[in-house]
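Reader: Hi! I have a structure open on my screen and would love some help finding my way around. Could you walk me through a few spots?

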Amino acid sequence: MKNFLHSLFLTVLCGFAIRGLSQSPGIVVRPAGGPYSTILNPNQNGFTSATTGGYSVSDIGAGYSEIPYKVVPPAITEPTGDLATGPSGGFTDIVKTVDGSGFYVYNDGTNLLFRLRIGGIISGSKGYSVLLDTDGKMGNSGPYADPNYIAPTNTSNGNPGFEYEVVLQTNFNVSVYNVDGSSNPVLVTTYPLSTNSQISVALSTDGGNPDYFYDFAVPISVLGSPSSFRMAATTVTSPSSALQGSRSDIYGIDDSSNPNVASAWQTVINSQPAISLANIGSGGSGVASINTAAPTLNSPINTGSAIAVTGTWTRMDVSKPSTATTTLYQNGVAIGTTTVSTGGTWTITVPSVASGDVFYARAQAAGESMSLQSVNVTAGCSSPPAALVLTCASSKGISGSLPAGSTLLIYLLPTTSASPTSNPLTTNITYPTSTTFAYYANGCSGSSPTVGNGTYMLMASNGGCTSTPIFECIASGSSALTGLATNSSVVVTTPIYPYQTSIGGTGAASGNIIRLF
């Protein structure tokens with residue numbers, strides 16, 4: 001009996017040893033036993049660690065990992081158990097190691113490799129998504145708004161500005177979707193799990209149990225070979241796109257405090273600096289530290305000398321630095337800096353501001369990258385002149401009244417792409433009191449001064465600021481065109497940013513010609 005118990009005890013110990021070996025940090029558990037992915041495990045030894053000795057000191061970077069993945073810094077330290085749905089510390093929970101990271105990326109020259117640190121493993125089918133912004137635009141407002149923004153609905157998470165999505169769909173494949181301007185992903189191609197994915201044991205034990213590396217890769221060319229990009233990693237409770245499936249965890253935010261998926265993705269992307277392929281390749285410097293939260297810029301900004309420009313700044317999270325340096329830009333040139341505490345107001349005095357000057361601000365806290373810019377504010381007067389009032393507007397003449405103390409500006413509009421103010425009339429007059437003006441071509445009950453046929457733009461100017469322009473056609477003769485149907489054409493695409501490809505407005509009657517200057 002003693003020998004039997006001794007043999008049984010040894011058998012149990014051997015069983016534990018085998019189990020311990022099967023879960024050694026670094027060992028690939030899917031696929032189990034190989035053959036392994038030549039992309040993700042180039043030496044084909046069944047370990048993601050640098051050697052078959054496994055991970056012992058660290059599981060990040062060169063010397064520890066067979067592939068020297070680069071850390072993608074989170075907007076905030078990734079919490080454990082912050083899931084929208086799913087078990088805490090489980091198979092859809094993105095977890096952190098001692099440095100707070102849980103998402104990694106690498107460029108091997110041909111493929112883009114992704115790695116997620118997940119709190120568990122399961123035989124069921126789930127989705128592990130990386131959404132890519134390749135054009136630097138995100139959201140539906142502000143200086144970086146994406147014109148292809150899709151708002152969330154009751155049946156979709158929307159799309160705040162992503163162009164591509166790569167999804168590890170366990171038990172199925174690795175899928176690449178084109179999602180540009182759509183919340184209904186268009187499948188580009190798929191890759192087998194055996195060649196483009198693997199799961200291995202990580203060194204970390206967040207939550208007290210082993211964590212796992214979920215690795216997957218796709219050719220860079222299938223993503224349009226972007227020069228730079230930003231990424232949002234999301235786990236999904238079904239093997240599907242994050243735009244359509246039920247989101248479980250988004251890397252780098254507290255999901256329990258961010259129920260709006262589209263807004264959460266925007267927070268992640270706007271905190272992430274652009275990632276270049278060179279920086280995430282062998283010998284690359286890696287992904288820069290996160291962006292500081294952007295400041296706000298108050299409006300209006302008046303014209304004149306020694307103008308105080310103000311704004312506010314608030315840090316993204318209590319774990320971030322409480323102060324930042326704000327830089328103000330005038331027409332794209334930095335003109336001053338100041339230090340501001342979170343929640344506080346900053347002020348920078350500008351020596352001279354002219355009407356039409358464009359201002360924006362950026363902020364940078366210690367240890368972080370400079371923020372994205374605030375909204376643009378175009379300088380103007382706090383009290384611009386009122387618009388001219390027309391008493392006659394026809395094809396044969398135009399007359400009206402002008403605000404007191406204003407100068408009447410009148411321009412003959414060119415029929416080319418030249419500036420609308422390239423042909424000023426020499427009859428511009430400053431009126432000391434509110435009075436009337438008239439320009440004739442045998443119309444408006446007058447005979448002088450006369451002007452030739454054409455389209456005219458009229459404005460009131462006072463103190464360097466101008467009123468909203470009004471327009472009129474003069475085309476004398478029995479077969480003259482009728483006058484403009486309205487003088488209230490309005491550009492509605494405001495503010496306007498450099499990336500935009502279209503600008504819209506209202507107020508044009510059918511048959512009118514619109515020229516945009």
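Reader: Let's start with strand 4. Which residues point one way from strand 4, and which point the other way?

Author: Happy to help, and please keep in mind that this is a predicted model. Asn111, Leu113, Arg115 and Arg117 point one way, while Leu112, Phe114, Leu116 and Ile118 point the other way. All of these residues are buried.

Reader: And how many residues of strand 4 are buried overall?

Author: Eight of its eight residues, so the strand counts as mostly covered.

Reader: Which way does strand 4 run relative to strand 3, and how many bridges join them?

Author: They run antiparallel and are joined by five bridges. One example is Tyr104, whose bridge partner in strand 4 is Arg115. The hairpin of the two strands has three residues between them, and in that hairpin Gly109 takes a positive phi near 100 degrees.

Reader: What about strand 4 and strand 10, how do they pair?

Author: In the antiparallel sense too, over eight bridges. Asn111, for instance, stands opposite Pro219 in strand 10.

Reader: Nice. Which residues have the most contacts inside the largest nonpolar core?

Author: Leu112, Phe114 and Met231, in a core of 38 residues. Several strands each supply at least two residues of this core, including strand 3 (103-107), strand 4 (111-118), strand 5 (127-133), strand 10 (212-219) and strand 11 (228-236). As background, nonpolar side chains tend to be buried together in soluble globular proteins.

Reader: What does Phe114 touch, leaving out residues up to four places away in sequence?

Author: Its contacts include Tyr69, Phe103, Tyr104, Val105, Val130 and Val166. Tyr214, Asp215, Phe216, Val218 and Met231 are also among the residues that Phe114 touches.

Reader: Which residues are in the other core, the one of 19 residues?

Author: Among them are Val309, Trp313, Val353 and Phe359, and this core lies apart from the 38-residue core.

Reader: Changing topic: how many salt bridges does the structure hold?

Author: Five. In one of them, the side chains of Asp59 and Arg117 meet, at 2.8 Å from N to O. Asp59 lies in the loop between strand 1 (28-30) and strand 2 (70-71), and Arg117 lies in strand 4, so the pair ties together parts that are 58 residues apart in sequence.

Reader: Is Asp59 buried or exposed?

Author: Buried, because its relative accessible area is 4% and the cut-off for buried is under 20%. Arg117 is buried as well, at 0% relative accessibility.

Reader: Which residue forms a salt bridge with Asp133?

Author: Arg230, with the closest N and O atoms 2.7 Å apart. Asp133 is in strand 5 and Arg230 in strand 11, so this pair ties together parts that are 97 residues apart in sequence. Asp133 counts as buried at 0% relative accessibility, and Arg230 counts as buried at 5%.

Reader: And where does Asp255 come in, which side chain does it meet in a salt bridge?

Author: That of Arg247, at 2.9 Å from N to O. Asp255 is buried with a relative accessible area of 3%, and Arg247 is buried with 7%.

Reader: Let's move along the chain. What order do the strands take in the open sheet of four strands?

Author: The order is 17-16-19-20, with antiparallel pairing. Strand 17 (333-341) and strand 20 (377-378) stand at the edges with a single partner strand each, so one side of each is left without a neighbour in the sheet.

Reader: How many bridges are there between strand 16 and strand 17?

Author: Eight, with strand 16 covering residues 323-330. Thr325 has Thr339 as its bridge partner in strand 17.

Reader: I also clicked on Ser467. Where does Ser467 lie?

Author: In the loop between strand 26 (465-466) and strand 27 (470-474). Ser467 counts as buried, at 5% relative accessibility. Leaving out residues up to four places away in sequence, Ser467 touches Pro385, Ala386, Ala387, Leu388, Met459 and Ala460.

Reader: Last one: which residues make the nonpolar surface patch?

Author: Val491, Ile503 and Leu516 make a patch of about 260 Å². Ile503 lies in the loop between strand 28 (490-491) and strand 29 (505-506), and at 38% relative accessibility Ile503 counts as partly exposed.

Note on methods
Residues numbered from 1 in each chain as written. Predicted model: local features only at pLDDT ≥ 70, side-chain atom pairs only at ≥ 80, totals over all residues. Heavy atoms only, no water. Patch = residues over 30% accessible without salt bridge, like charges linked within 9 Å, V, L, I, M, F, W, Y side chains within 5 Å. Areas by Shrake-Rupley, 256 points an atom, 1.4 Å probe, with all protein chains shown as cover. Salt bridge = Lys/Arg side-chain N within 4 Å of Asp/Glu carboxyl O. Buried < 20%, exposed > 50% of the residue type's maximum accessible area, 1.4 Å probe, protein only. Core = buried A, V, L, I, M, F, W, Y, C linked by side-chain atoms within 4.5 Å. Contact = heavy atoms within 4.5 Å. Pairing = 2+ DSSP bridges.
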